[in-house]
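Open the model in your viewer and keep the selection tool at hand. The stops below go from one selection to the next.

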Amino acid sequence: MDAPARGLIENRPVAGAKRVLLAAPRGYCAGVDRAVVAVEKALERYGAPVYVRKQIVHNIHVVTELEEKGAVFVEEVDEVPEGANVVFSAHGVSPAVVQAADDRGLHAIDATCPLVTKVHREAVRFARDDYEILLIGHEGHEEVEGTAGEAPDHVTIVNSPDEADTVEVRDPSKVVWLSQTTLSVDETMETVNRLRKRFPQLQSPPSDDICYATQNRQVAIKKVAAEAELVIVVGSANSSNSVRLVEVALENGAKAAYRIDYADELQQEWFDGVATVGVTSGASVPEVLVRQVLDVLDDAGYSDVEEIRTAEEDLIFSLPKELRGDGARGGRSSQ
Ligand code: 0CH
Ligand code: SF4
């Protein structure tokens, strides 16, 4: 989308000085950057169209821009012409999808985030040792489908803390929990605590499944929310980690919190009497969309912007191996 018309929100007086607290880290994580760059590189190398199974990341702006460059997003590999290039999204795929692409003679480029692949490997290993895996995550989310698909006979999905009270297992002495990478840390710990009350021998994953980027964005918005009357989260409705940021803000002091895709969705009534606005963005959100929100806020008198940084991030993943032939490495995408 073009830059939104400025002056969308009126500059009305409020008690106290108007200011913005801008959470950091926010926006793109290493896995999203790598996945978006992978589609761009595939387009450069092979030319359009490059097919992508599911949204490469859950952000409408990213998907629209890549479509304009020649990416074609499909739901399943059977929609891809035989022999064509197909990119698997950052959220990962089950072995059945890999097999289906192979059966169709597709050239697959796997943009699954390495931190999602790590959880897949854990699922494979615990299943091989005949553990029952309680996979904490949202049923129907692509990442959960992909991870569960590694060991369908050993995985039971636990959608919520309440489900921890009712889920049944075969052998309570041989059970482990794993999780989706983009959940609320606090809610997941509540689920685990409730599971452990019922299954004291429950094992934990060897290392955190909720990834560094998800955790860092939640820590930052908690600090911002403690001082903000209103929190704006930039991110798409199907972006799990973005939606979690709204919930975390509300649970940690924000009086109101809203998720928007674009600055022109800001509503006048959200700002009534508000002096301090918190702003953040999900892991799949390009920074340009945050800048457009800050421009609208600036016009409304929220010109004093203070960044609240709770962690530094410098992780970069190398590109999928199928794109590494020229020695290219992942780097900041142009979006
Ligand atoms: O937060 P979810 O998992 O819905 O996905 P996203 O918004 O595309 O963010 C990137 C995470 C990709 C997989 O961990
Ligand atoms: Fe990888 Fe975490 Fe980003 Fe998901 S949110 S793509 S697991 S770094």
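Select ligand 1 to begin: in this predicted model, the space that ligand 1 takes up is the largest cavity. Now show the residues around ligand 1. There are 15 of them, and the closest are His58, Ser239, Ser240, Asn241 and Ser284. Colour this shell by class and you get four nonpolar residues, 10 polar ones and one charged one.

Next, look at contacts with the oxygen atoms of ligand 1. Select Ser284, where a polar side-chain atom lies 2.7 Å from an oxygen atom of the ligand. At Ser240 the distance is also 2.7 Å, but here the protein partner is a polar backbone atom. Then select Thr182, which has a polar side-chain atom 3.1 Å from an oxygen atom of ligand 1. How much of the 370 Å² that ligand 1 exposes when taken alone does the protein bury? The protein buries 96% of that area.

Move on to ligand 2. The space taken by ligand 2 is the largest cavity as well, as was said for ligand 1. Select the surroundings of ligand 2: Cys29, Gly31, Val32, Cys113, Leu115, Val116, Thr181, Thr182, Cys211 and Tyr212. By class, this shell has seven nonpolar and three polar residues, with no charged residue. Highlight helix H1 (30–46) and helix H4 (114–128), each of which supplies at least two residues of the shell.

Now hide the ligands and view the cavity itself. The largest cavity holds about 300 Å³ of space. Its lining has 24 residues, and those nearest its centre are Cys29, Val32, Thr181, Thr182 and Asn241. Which elements give two or more residues to this lining? They are H1, H4, helix H8 (212–225) and helix H9 (240–251). H8 has the largest share, with three residues. By class, the lining of the largest cavity divides into 12 nonpolar, 11 polar and one charged.

The structure holds two cavities of 30 Å³ or more, so one stop is left. The second largest cavity has about 80 Å³ of space. To find it, select its lining residues, among them Ile136, His138, Asn159, Pro161, Glu187 and Arg244. Helix H7 (residues 185–198) gives the largest share of this lining, three residues. Colour the lining of the second largest cavity by class to finish: three residues are nonpolar, seven are polar and two are charged.

How values were computed:
Residues are numbered from 1 along each chain as its sequence is written. Chains are lettered from A and ligands numbered from 1 in the order in which they are written. This is a predicted model: local features need pLDDT of at least 70, side-chain atom pairs count only at pLDDT 80 or more; totals for chains, interfaces and linings use all residues. Side-chain values use heavy atoms; hydrogens and water are left out. A residue is near a molecule or strand if one of its heavy atoms lies within 4 Å of it. On a 1 Å grid over the protein atoms alone, a cavity is a set of points where a 1.4 Å probe fits but cannot get out, and a pocket is an open set with protein on both sides within 12 Å along at least five of seven lines; lining residues have an atom within 4 Å of a point. A molecule sits in a cavity or pocket if more than half of its atoms lie within 2 Å of its grid points. Helices (H or I, at least four residues) and strands (E, at least two) are DSSP runs, numbered from the N terminus. Ala, Val, Leu, Ile, Met, Phe, Trp, Tyr, Cys and Pro count as nonpolar, Asp, Glu, Lys and Arg as charged, and the others, Gly among them, as polar. A polar contact is a pair of N or O atoms within 3.5 Å; within protein, one must be able to donate a hydrogen and the other to accept it, and residues adjacent in sequence count only if both atoms are side-chain atoms. Accessible areas come from the Shrake-Rupley method with a 1.4 Å probe; for residues, only the protein chains shown count as cover. Grid points are joined across faces, edges and corners, and a volume is the space filled by probe spheres set on the points.
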